[in-house]
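Hi everyone, and thanks for making time for this. I'd like to walk you through a structure that may be new to you, one stop after another.

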Amino acid sequence: MENRLKPMDAEQLREYGHKMVDFIADYYKTIENFPVLSQVEPGYLRNLLPDSAPNQPDSFQHVLDDIQAKILPGVTHWQSPNYFAYYPSNSSVAGFVGEMLSAGLNIVGFSWIASPAATELEMIVLDWLAKMLKLPEDFLSAGQGGGVIQGTASEAVLVVLLAARDKVLRRVGKDALEKLVVYASDQTHSSLQKACQIAGIHPENCRLLKATSSTNYALSPEFLSETISQDLTIGFIPFFLCATVGTTSSTAVDPLLSLGKIAKSNGMWFHVDAAYAGSACVCPEFRHYMDGVEVADSFNMNAHKWFLTNFDCSALWVKDRSALVQALSTNPEYLKNKASQANMVVDYKDWQVPLGRRFRSLKLWMVLRLYGLENLQCYIRNHIKLAKHFENLIAQDPRFEVVTPRIFSLVCFRLLPVRNNESHGNKLNHQLLDAVNSTGSAFISHTVLSGKYILRFAVGAPLTEEKHVNAAWKVLQDKATSLLAESL
Ligand code: PLP
């Protein structure tokens with residue numbers, strides 16, 4: 001066949017690449033026409049696609065047509081300006097072209113030698129970002145520490161937990177595994193629990209300490225201290241504390257300094273998860289939420305959430321990289337090379353779970369270069385301004401309340417229960433969520449705080465403007481009016 005698609009051909013790549021970029025640009029132009037939350041039923045795609053792969057090649061146009069007709073209806077549009085659910089996952093022109101270049105080069109940079117630029121650019125870019133966040137110098141690559149890009153915050157907490165576990169076991173003996181205890185608030189992301197499961201930490205030794213509205217859902221240092229003392233009394237070994245800047249449910253900020261001091265005085269590893277809110281801390285006015293990071297052993301933020309860097313790009317810094325390497329390194333014959341043997345280089349395979357790794361630093365580097373710090377700060381500030389605006393809209397409608405103080409760009413709110421009937425209030429808010437999301441014109445998510453069903457409105461999609469926030473609020477109000485009328 002004349003026009004057969006070759007495995008790789010520069011001219012075909014040009015042709016298909018241009019067509020695909022046009023397709024994606026058109027998608028962004030028309031993104032508001034799609035229902036934000038996909039409205040398909042489970043299993044919808046089985047009926048639309050054949051049972052097995054084709055024997056003969058299909059045409060590119062045919063595939064694009066199928067994407068339009070069959071795939072896009074099953075997509076939830078995270079980049080839609082009407083997306084306010086969970087936390088954002090930003091795409092940007094810079095992030096996109098960086099991702100494109102990474103796909104184009106398609107290297108697998110496990111060791112320095114496997115693509116020196118991949119390792120070196122990652123070190124440099126994470127030093128840049130560390131400086132933007134005003135992280136202490138110990139986290140920079142010039143000393144004993146350094147940064148690494150993980151796929152997700154879940155992998156970040158897993159690798160530091162493994163490093164901390166092995167570090168303490170070297171000290172107390174490996175038979176002590178069942179005595180190791182991990183601490184965090186019950187607002188901590190479930191990825192910590194998963195990491196404990198993988199690391200062999202006994203589930204009953206995972207202390208998820210209750211955080212209440214009295215601390216705005218932040219972990220209380222007194223409670224932590226008491227729990228650690230009790231554990232020590234019965235011969236347990238506290239070894240890991242995870243604090244969060246910007247919890248998943250409500251953006252609670254744990255008091256890093258007080259917590260960190262407790263961790264340090266007990267010889268524990270102190271990890272800070274700032275997966276979402278870390279991005280805001282590049283603005284001087286929000287940096288104080290990270291105060292106390294000086295005493296942390298590791299710090300993580302997801303550039304792929306709210307920092308214009310396409311998924312996936314989770315930045316992790318450690319003060320002592322040797323702890324990671326001791327826990328995760330292997331040195332098989334087939335990977336040996338002069339630079340690694342001479343200890344002249346960083347081999348990121350020893351800082352992560354998989355061996356293979358993508359050239360992710362390209363997209364982060366492009367984001368930092370093509371936008372620059374000032375634009376990134378404006379970007380964050382604008383979303384926070386829009387969240388404040390939404391908060392003000394709620395305040396003007398006595399049927400609603402803001403449930404926790406807004407700190408960043410997430411507003412936690414609810415429709416007030418009628419006649420103080422809390423369980424009916426929970427049902428009402430659940431119904432409101434479903435009613436709004438089923439319109440397809442806005443997508444919000446929920447959480448439960450102190451037994452109350454809460455709605456979450458997270459501003460952070462790159463295309464969101466005030467008019468989108470206003471439109472979402474109008475839908476919320478209209479649906480609330482109908483629901484309240486029905487429940488009379
Ligand atoms: N930590 C926090 C505070 C989060 O909000 C999230 C996800 O929203 C995570 C961790 C997990 O993120 P990831 O999907 O990168 O593992």
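Before the first stop, one term: a salt bridge here is a side-chain nitrogen of Lys or Arg within 4 Å of a carboxyl oxygen of Asp or Glu. Please also keep in mind that this is a predicted model.

With that in hand, take Glu 422 and Arg 414, whose side chains meet in a salt bridge with 2.9 Å from N to O. Is Arg 414 buried or exposed? Arg 414 counts as buried because its relative accessibility is 3%, and the cut-off for buried is under 20%. Its partner Glu 422 counts as partly exposed, at 33% relative accessibility. Some salt bridges share partners, and in that way Glu 99, Asp 312, Arg 358, Arg 360 and Lys 363 are joined into one network.

How many salt bridges does the structure hold? The count is 24. As a general reminder, side chains of opposite charge can pair when their charged atoms come close.

Let's look at two more of these pairs. Glu 285 forms a salt bridge with Arg 381, and their closest N and O atoms are 2.5 Å apart. This pair links distant parts of the chain: Glu 285 sits in the loop between strand S5 (269-273) and strand S6 (298-302), while Arg 381 belongs to helix H12, 96 residues apart. Glu 285 is partly exposed, with a relative accessible area of 36%, and Arg 381 also counts as partly exposed, at 32%.

The other pair is Lys 363 with Asp 312, where the closest N and O atoms are 3.8 Å apart. Lys 363 lies in helix H12 and Asp 312 in the loop between H9 and strand S7 (314-318), so this salt bridge ties together parts that are 51 residues apart in sequence. Both Lys 363 and Asp 312 are buried.

Staying with helix H12, which spans residues 361-395, we also find Leu 370 there. Leu 370 counts as exposed because its relative accessibility is 54%, and exposed means over 50%. Leu 370 helps make a nonpolar surface patch of about 420 Å², together with Val 21, Val 93, Val 97 and Met 100. Which helix gives the largest share of the nonpolar patch? Helix H3 (residues 93-105) does, with 3 residues.

Now for the ligand. It is surrounded by 13 residues, and the closest are Ala 153, Ser 154, Thr 248, Asp 273 and Asn 302. Helix H5 (153-172) and helix H9 (303-306) each supply at least two residues of this shell. An oxygen atom of the ligand is 2.5 Å from an N or O atom in the side chain of Ser 154. At Ala 153, a polar backbone atom is 2.7 Å from a ligand oxygen atom. For Thr 248, a polar side-chain atom lies 2.9 Å from an oxygen atom of the ligand. On its own the ligand has 390 Å² of accessible area, and the protein covers 86% of that.

My last stop is Ser 409, in the loop between strand S8 (400-402) and strand S9 (410-415). Ser 409 is buried, with a relative accessible area of 0%. What does its side chain make a polar contact with? The partner is the side chain of Tyr 276, at 2.7 Å. A polar atom of the Ser 409 side chain also lies 2.7 Å from the backbone oxygen of Val 459. Beyond its neighbours in sequence, Ser 409 touches several residues, including Trp 306, His 383 and Phe 457.

Thanks for listening!

Definitions and conventions. Residues numbered from 1 in each chain as written. Predicted model: local features only at pLDDT ≥ 70, side-chain atom pairs only at ≥ 80, totals over all residues. Heavy atoms only, no water. Helix = DSSP H or I, 4+ residues; strand = E, 2+ residues; numbered from the N terminus. Buried < 20%, exposed > 50% of the residue type's maximum accessible area, 1.4 Å probe, protein only. Polar contact = N/O pair within 3.5 Å; in protein donor to acceptor, adjacent residues only side chain to side chain. Contact = heavy atoms within 4.5 Å. Patch = residues over 30% accessible without salt bridge, like charges linked within 9 Å, V, L, I, M, F, W, Y side chains within 5 Å. Areas by Shrake-Rupley, 256 points an atom, 1.4 Å probe, with all protein chains shown as cover. Near = heavy atom within 4 Å. Lists of a residue's contacts leave out its neighbours within four places in sequence.
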